[in-house]
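Hi,

Here is the structure I promised to pass on. Have a look at it first, then read my notes below.

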Amino acid sequence: MPELPEVETIRRHLEAGVLGRRIVAARTLRGDLRRPFPPDLAKRIQGRRIELLDRRAKYLIVRLDHELALLIHLGMSGRILIGSTGDAIAKHVHFILDLDDGRRIALQDPRRFGLVDLVPTAALDAHPLLRALGPEPLAATLTGAALANALKGSKTSIKAALLDQRRIAGLGNIYVCEALFRSGISPKRAAGTVSGDRARKLVAAIKAVLKDAIAAGGSTLRDHRLPSGELGYFQHHFQVYDREGQPCPGCDCKGGIKRLVQGGRSTFYCAKRQR
DNA sequence: AACAAGACCTGCATGC
DNA sequence: TGCATGCAGGTCTTGT
């Protein structure tokens, strides 16, 4: 499910809703997701106060007092929902935080590709899952030149390169397809040939599509929800993603939007506008 | 070293 | 209706 815009949307809603609250009880409802929950997780966060909500790429970072942080990844199907402590526990809820105002934060993840870790704040930067991540796409320091440098010499496709979280962190299949369309770059182009003005256009398109998606609350195809349960609506603004055969919004190309498979994943594009 | 393929899971749409 | 198949927003590990 969640790419950067979905995680950022969730972060903002949690920040507005639960900042400053204390965790009165926590519970894990199974032993693992993609990896085991940390030992004694529930016990170690009981009584902690939620001090800050951060995001790094697709990771949500819940900063607690006592210099602790929850590191959460939502995988493909993860949601974070705010309810109340009296609620029945829904199917596929694996982790629960009960707060001092009677509300409950629940992590629901049917496919269990997500993960939760508990990390001392001082160890966050060196965490194995965060250490190797590339730059944040929305950072001012990510310029066309910086991206071109990260892609230099790479013979893999630009589509695959943008999905590689070590080169740029936070993009997934949807927003890579959309950004390549907006910048007129073929998904099949060798990554190393994206430089100069082309790289500048690509970076501008990446930033624009992410900002547009965040403003829309992310994209709800199946799983993504805001913590309130509301849907995102950026899916109504897709220009190419999941639109195979439909007319290209930018031209009258024959057959409309094309689909191909790269690295085992669908790519949607216009063969005429994207070169 | 870079890259592709397989693995991890459940749910849903499709076709027979 | 039931069953098999394939596909899905991610990423880690394995093999070439």
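Lys58 has a polar side-chain atom 2.8 Å from a phosphate oxygen of DNA strand C. That makes a polar contact, which for N or O atoms means a pair within 3.5 Å; inside the protein, one atom must be able to donate a hydrogen and the other to accept it, and residues adjacent in sequence count only if both atoms are side-chain atoms. His73 does the like at 2.6 Å from a phosphate oxygen of strand C, and for Tyr241 the distance is 2.4 Å. Two elements, α6 (173–183) and β10 (265–269), each give two or more residues to the surface near this strand. (Helices are DSSP runs of H or I with at least four residues, strands are runs of E with at least two, and both are numbered from the N terminus.)

Before going on, some ground rules: this is a predicted model, where local features need pLDDT of at least 70 and side-chain atom pairs count only at pLDDT 80 or more, while totals for chains, interfaces and linings use all residues. Residues are numbered from 1 along each chain as its sequence is written, chains are lettered from A and ligands numbered from 1 in the order written, and side-chain values use heavy atoms, with hydrogens and water left out.

Back to strand C. There are 24 residues around it, and Ser219, Arg222, Tyr241, Arg265 and Ser266 come nearest; "near" means that a heavy atom of the residue lies within 4 Å. The surface there divides into 8 nonpolar, 9 polar and 7 charged residues. Here Ala, Val, Leu, Ile, Met, Phe, Trp, Tyr, Cys and Pro count as nonpolar, Asp, Glu, Lys and Arg as charged, and the others, Gly among them, as polar.

What surrounds DNA strand B? The residues around it include Lys91, His92, Arg112 and Lys155. Sugar and phosphate make up 58% of the strand B atoms that come within 4 Å of the protein. A polar side-chain atom of His92 sits 2.4 Å from one of its phosphate oxygens, and a polar backbone atom of Lys155 is 3.2 Å from a phosphate oxygen too. By class, this surface has 2 nonpolar, 3 polar and 5 charged residues.

One last thing, the cysteines. The structure holds 0 disulfides (cysteine sulfur pairs within 2.5 Å). The sulfur of Cys270 has its closest cysteine sulfur in Cys253, but at 3.6 Å that is too far for a bond. Cys270 is also buried (under 20% relative accessible area; over 50% is exposed, in between partly exposed; 1.4 Å probe, protein chains only), with a value of 0%.

Cheers
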